[in-house]
Amino acid sequence: MQRRPQQAGPGSRTPPSAPSATPTPAWAAADCSAAEPVGGLQEYYYELCMEKSQEIKPFILHILQEVDEEIEKGLVGITLNVAGNCHLMPVERVTGEDFWILCRILKNNPYINASIHLCSSGLDVRYNLISDVGASYAAKLLQKQHNLIYLNLMFNDIGPEGGELIAKALHKNTTLKHLRMTGNKIENKGGMFFAAMLQINSSLEKLDVGDCDLEESTVHLGHMLKENQCLVELHMCKHDIKNCGMKQLCDALYLNRTLRYLDVSCNKITQDGMVCLADVLKSNTTLEVIDLSFNRIENAGANYLSDALASHNRTLKALSVVSNKIEGEGLVALSQSMKTNPTLSNIYIWGNKFDEATRVAYSDLIHMGRLKSDNTDVEPFVVDGHVYLAEVSNGLKRHYYWTPGYGEACSPSSNAGFTLVPVGQYL
């Protein structure tokens, strides 16, 4: 009979103080001396914490208990989700030392493929406090765990040093397909290591380096896109990209033949940047999703795009121009392009200035069945004979940073970008 661990209480051992930099603590450096897995994951976690005088986290115990139960049922691709923003129970954020324990469990247990979703292999520790200390353990995990295809480290206080360690670990990694570094301030130093890595790595297909305090990143990432032939999805939100940076990206897209999802939302791109993008769309046959939300392309930029979509491009499936200072002329032009373009199925326009012509145009698209209600973020209604548009909770990545307290968190209508460009199952 297995000994089941008890919940941590007032007598739980006090955790060691967190290291001030990335050097590995002595107790974690001696990997070979750590206890080998005996019994379930929950028991192994308990024994490791006791051996290393590490605080036992009830939340982690609960997650591992669920995993043990799924292993006993014979399930494969078992979920390990230790996200720090869980709404369903009290959560104590995972630190770098806690993350070492989790990495140790993953490296030593033959049954688990940690993942955010069933049937996919990965580890989700978003919104925790693993810092550069935890990043060093993540780098070692990437070097030793060959079942890991998804790693979510978003918003974990990882800095340039931690970013460098993870990027270098990916030089030789051949299994990871999806990495989310969102919100970690790796800055230009860390960003350059990622750009260099992507010229070598041959397995990573989805990368999010949005909101990482990268500036002028388009020079290095543009050069990478010319060389890389495996990246399918790239998120560059909040990179301070201006028109010259957009031109550098577009120059690379003429040569790239694999990228299908480009996210340049929340930047400083205007109509001049759309001249370059529209020209790319006239010849590019791989891009399927483009997110331009929260820029300033205005009517002129929308007209450039609509011309390319109406007369030339037949591969783009989804376009988001949310909050781009577009008025009736540009919005109507985009709606007209959908009438001649049979491929464009999703368009998101909320946050722009709707006039009556705009409201009627999109109402007509929806009522005639050309634009499905799940594929846009507006819904028409009539008051006193006049058509209006209401916002609905659909988008390319509506639940990317948070999940709703009710309803389906990963519905295709709210996260359409990931449905249109899947990488593996559920990733």
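**Hairpin.** I began with β10 and β11 in this predicted model. The two strands form a hairpin, with 2 residues between them. I checked the turn and found a positive phi of about 55° at D384. β10 covers residues 378-383 and β11 covers residues 386-391. They run antiparallel and are joined by 6 bridges. I looked up F381 as an example: its bridge partner in β11 is Y388.

**Sheet.** Next I traced the open sheet. I noted 9 strands, in the order β1-β2-β3-β4-β5-β6-β7-β8-β9, with parallel pairing. Which strands stand at the edges? I found β1 (122-124) and β9 (346-348) there, each with a single partner strand, so one side of each has no neighbour in the sheet. For the twist, I noted that neighbouring strands are turned by 5° against each other on average, with direction ignored. I then took a look at the β1 edge. β1 pairs with β2 (residues 150-152) in the parallel sense, over 3 bridges. Within this pair, D124 has N152 of β2 as its bridge partner.

**Helices α2 and α3.** I turned to helix packing. α2 spans residues 41-51 and α3 spans residues 58-72. Their axes lie 7 Å apart, at an angle of about 145°. From α2, the contact takes L41, Q42 and Y45. From α3, I listed I60, L61, L64, Q65, V67, D68 and I71. Sorted by class, the residues of this contact are 7 nonpolar, 2 polar and 1 charged.

**Helices α9 and α10.** I looked up a second helix pair, α9 (residues 243-253) with α10 (residues 271-281). Here the angle is about 10° and the axes are 8 Å apart. Angles under 35 degrees count as roughly parallel, and α9 and α10 are therefore roughly parallel to each other. On the α9 side I found N243, M246, K247, C250 and L253. They meet D272, G273, C276, L277 and V280 of α10. By class I have 6 nonpolar, 2 polar and 2 charged residues in the contact of α9 with α10.

**Whole chain.** Last, I took the totals. I noted 14 helices and 11 strands in the protein. How much of the protein is buried? Of the 427 residues, 55% are buried. The exposed area is about 17800 Å², and carbon and sulfur atoms supply 53% of it. I also checked the contacts with a separation of 6 or more: residues 24 or more positions apart account for 79% of them.

Note on methods: Residues numbered from 1 in each chain as written. Predicted model: local features only at pLDDT ≥ 70, side-chain atom pairs only at ≥ 80, totals over all residues. Heavy atoms only, no water. Axes fitted to C-alpha atoms, helices over the stretch in contact; angles between N-to-C directions. Helix = DSSP H or I, 4+ residues; strand = E, 2+ residues; numbered from the N terminus. Contact = heavy atoms within 4.5 Å. Nonpolar A, V, L, I, M, F, W, Y, C, P; charged D, E, K, R; others polar. Pairing = 2+ DSSP bridges. Buried < 20%, exposed > 50% of the residue type's maximum accessible area, 1.4 Å probe, protein only. Areas by Shrake-Rupley, 256 points an atom, 1.4 Å probe, with all protein chains shown as cover. Parallel < 35°, antiparallel > 145°, perpendicular 65-115°, else oblique.
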